[in-house]
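Grab a pencil and work through three short exercises on the model shown here. Try each one yourself before reading its solution.

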Amino acid sequence: MKLWYSNTSPYVRKVRAVAAYHGLDTQIEAHLISGAAFSEQAEHNRDTPLGRIPVLQTDEGKWLYSSNVIAEYLDAHGSGDTLYPQGSQRWEILNLHDLAAGMLDNTITMVGEKLLRPESGWWQSRHTQIIRRNTRTLPVLAEVIRPFGTKLNIGTLNAVCAIDFLRFRNALTEAGTMAGFAELAVWADEMNARYPCLAATQPFS
C-alpha cells in the first residue's frame with residue numbers, strides 16, 4: 001500500500017493512527033508531501049483527481065480518496081479489535097467522530113487561508129463565525145466524549161486529532177482562549193500517553 005501524507009494534517013493523522021493501531025504502518029509505503037503539495041507536478045496531484053491528502057493506493061492499485069474510507073479500510077484489514085464497533089454504542093461513536101470532523105472541516109478552511117494569504121485578504125467575518133462555532137462546539141464535544149472516558153475507538157481517536165490540531169495551530173485557531181479547551185487538551189494528553197498509535201502520530205511542522 002502507498003499513502004500520501006503530511007505531518008500536520010489531522011485527516012492524515014487519523015489514517016496513520018488507525019494504521020499504527022493495527023500494526024499496518026510497516027506495510028504502507030509513505031510518501032511525504034511537503035512544500036509542493038499545491039504543485040500540479042506533485043505526485044498526488046498528478047495521479048489522483050481530487051489532489052487531496054490523505055490518499056491511499058491499495059496493493060491492488062485501487063485509489064481510496066477519503067480519510068474516512070481509508071481509515072475504515074485499514075480497520076477492516078487490521079488484526080486488532082475494530083475501532084468501529086457494531087454494538088449499542090456504534091451511533092454514539094460515529095456521532096463523536098463526525099462532530100470532531102465537522103469542527104475540523106470548518107477550521108481547516110480558515111487555517112489554510114491564514115497560512116496562504118496575506119492578512120489583508122482574509123475573509124474576516126467568516127473567520128469570526130468559525131471561531132464562534134468552535135467555541136460553541138467544544139462543550140458539546142466534551143459532553144459527547146465523556147461516556148467513553150479514555151477508551152479508544154474511531155470517535156475518541158478523531159476527537160484527539162481535532163483537539164491536537166486546534167492547539168498545534170493555536171495562533172490561527174485561537175483555541176487556547178476558548179472556555180473548556182484546556183480540559184479537553186488534558187484529556188487528549190492522557191490519550192496520547194495511553195495509546196502509542198496516537199503518540200507516534202502527533203502533528204509537527
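Two strands count as paired if DSSP finds at least two bridges between them. Keep in mind that this is a predicted model.

**Exercise 1.** Work out the strand order of the open sheet and find which strands stand at the edges.

*Solution.* Start with the order: four strands line up as β2-β1-β3-β4, with mixed pairing. Next, look for strands with a single partner: these are β2 (29-32) and β4 (63-64), so each has one side without a neighbour in the sheet. Now check a pair: β1 (residues 2-5) runs parallel to β2, and four bridges join them. Within that pair, W4 has H31 of β2 as its bridge partner. Finally, add the helix: α3 (residues 67-76) packs on the sheet, where it touches β3 (55-57) and β4, and its direction makes about 45° with that of β3.

**Exercise 2.** Describe how α5 and α6 cross, and say which residues meet.

*Solution.* Take the axes: those of α5 (residues 124-145) and α6 (residues 154-168) come within 12 Å and cross at roughly 145°. The handedness of this crossing is left-handed. Then list the residues: from α5 come N134, L138, L141 and I145, and they meet A159, I163 and L166 of α6. Sorted by class, the contact has six nonpolar residues, one polar and no charged ones.

**Exercise 3.** Count the disulfides, then decide whether C161 and C197 are buried or exposed.

*Solution.* A disulfide needs two cysteine sulfurs within 2.5 Å. The count comes to zero. For C161, the nearest cysteine sulfur is that of C197, 9.0 Å away. On to accessibility, where buried means under 20%: C161 is buried because its relative accessibility is 1%, and C197 is buried because its value is 6%.

Conventions:
Residues are numbered from 1 along each chain as its sequence is written. This is a predicted model: local features need pLDDT of at least 70, side-chain atom pairs count only at pLDDT 80 or more; totals for chains, interfaces and linings use all residues. Side-chain values use heavy atoms; hydrogens and water are left out. Axes are lines fitted to C-alpha atoms, for helices over the stretch in contact, and angles run from 0 to 180 degrees between N-to-C directions. Helices (H or I, at least four residues) and strands (E, at least two) are DSSP runs, numbered from the N terminus. A crossing is left-handed if the near helix is turned anticlockwise from the far one by less than a right angle, and right-handed if clockwise. Contact means heavy atoms within 4.5 Å. Ala, Val, Leu, Ile, Met, Phe, Trp, Tyr, Cys and Pro count as nonpolar, Asp, Glu, Lys and Arg as charged, and the others, Gly among them, as polar. Buried means under 20% relative accessible area, exposed over 50%, partly exposed in between (1.4 Å probe, protein chains only).
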